[in-house]
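Work through the exercises below with the sequence and the coordinates at hand. Each task is followed by a solution in steps.

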Amino acid sequence: KIFQGMGDKGVCVLGRGNPHYARLVAAAKKCGVKKTLSFSDKDKADAMLRGRTLSEEGSAVQALIGGQKVAYTVGAPGAHHVENSLAALLTSYVASGKIAECAAALAHYTPSKGRGVLQTVTLSSGGQFKFFDESANASLVSVRATISVLAETSLPEEAADHAQGLGVRRVEGDTHEGGQGHREGVVHAEGRDYPGLGHVER
């Protein structure tokens, strides 16, 4: 229905890594959309990732947007936010061509409450622990994204020493976003799928 409302002057921006990419392009053309652009963190596309440095605070990104080299910061951790930023910048390129201004704004982006916010809790004993609050968004895609961010999160030195030799057995997330009684699926993450999760006990 989105494609039907765009008309022949609309521009469709799609992720090339989407397994349904070819089907979506065909559907857009069938609805009269004449121009489709793509973004990707791996494949050749109109917006391409050239490099990134991930951290708990965010990501430093180098990309090629519409043939223009752009270096910018995304203010939220996770490779999924980097890929989303490619889509945002490609859209701004199509709409206004003002890539630099939009890229600068991404440094101030932070996830909203319950959608991947990294929080630190201080215990009465003086110890601390960190957790990712994904309570507002338990879809399979978001749970996998959160697990990936966890895998990229560094541990304090003393915690890293304690974690040596520990391996993740399984991370499971059950989601019921489809409503009561609906089971969309269960996420199973083995250590081999997320090598960085070697420091997670369970």
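**Exercise 1. Helices on the sheet**

Which strands does helix H2 (residues 79–95) lie across, and at about what angle does helix H2 run to E3?

Solution. The model is a predicted one.

Step 1. Begin with the sheet: five strands make an open sheet of mixed pairing, ordered E1-E2-E3-E4-E5. Strand E1 (11–15) and strand E5 (68–74) are its edge strands, each pairing on one side only. From one strand to the next, the twist averages 20°.

Step 2. Place helix H1 (residues 21–30): this helix packs on the sheet and touches E1 and strand E2 (35–40). The direction of H1 makes about 170° with that of E1.

Step 3. Place helix H2: it lies across E1, E2, strand E3 (47–54), E4 and E5. Its angle to E3 is about 140°.

**Exercise 2. Strand E4 and its neighbours**

Determine how E4 is joined to E3 and to E5, and state how many of its residues are buried.

Solution.

Step 1. On the E3 side, E3 and E4 run antiparallel and are joined by seven bridges. Leu 54 has Ser 59 in E4 as its bridge partner. Four residues lie between the strands of this hairpin, where Gly 58 takes a positive phi near 155°.

Step 2. On the E5 side, strand E4 (residues 59–65) and E5 are likewise antiparallel, with seven bridges. Ala 60 is bridged to Thr 73 in E5. Two residues separate the strands of the E4 and E5 hairpin, and Gly 66 in the turn has a positive phi of about 55°.

Step 3. Count the buried residues, using the cut-off of under 20% relative accessible area. Five of the seven residues of E4 are buried, so E4 is largely enclosed by the rest of the structure.

**Exercise 3. Two residues compared with the cut-offs**

Classify Ser 40 and Phe 129 as buried, partly exposed or exposed.

Solution.

Step 1. Locate Ser 40: it belongs to strand E2. Its relative accessibility is 1%. Because buried means under 20%, Ser 40 counts as buried.

Step 2. List what covers this position in terms of contacts. Leaving out residues up to four places away in sequence, Ser 40 touches Arg 16, Ala 45, Ala 47, Met 48, Leu 49 and Leu 86.

Step 3. Locate Phe 129: its place is in strand E7 (residues 128–133). With a relative accessible area of 39%, Phe 129 is partly exposed, since that class lies between 20% and 50%.

Step 4. Put Phe 129 in its surroundings. Together with Leu 123 and Phe 131, Phe 129 makes a nonpolar surface patch of about 250 Å². In a regular strand, side chains alternate between the two faces of the sheet.

**Exercise 4. The chain as a whole**

How many helices and strands does the chain have, and what pattern does the chain follow along the sequence?

Solution.

Step 1. The chain contains five helices and nine strands.

Step 2. In sequence order, these give the pattern β-α-β-β-β-β-α-α-β-β-α-α-β-β.

Step 3. For burial, 37% of the 202 residues count as buried. The chain exposes about 12,500 Å², of which carbon and sulfur atoms supply 51%.

Step 4. For contacts in the chain with a separation of 6 or more, 42% are between residues 24 or more positions apart.

Notes
Residues numbered from 1 in each chain as written. Predicted model: local features only at pLDDT ≥ 70, side-chain atom pairs only at ≥ 80, totals over all residues. Heavy atoms only, no water. Patch = residues over 30% accessible without salt bridge, like charges linked within 9 Å, V, L, I, M, F, W, Y side chains within 5 Å. Areas by Shrake-Rupley, 256 points an atom, 1.4 Å probe, with all protein chains shown as cover. Salt bridge = Lys/Arg side-chain N within 4 Å of Asp/Glu carboxyl O. Buried < 20%, exposed > 50% of the residue type's maximum accessible area, 1.4 Å probe, protein only. Pairing = 2+ DSSP bridges. Axes fitted to C-alpha atoms, helices over the stretch in contact; angles between N-to-C directions. Contact = heavy atoms within 4.5 Å.
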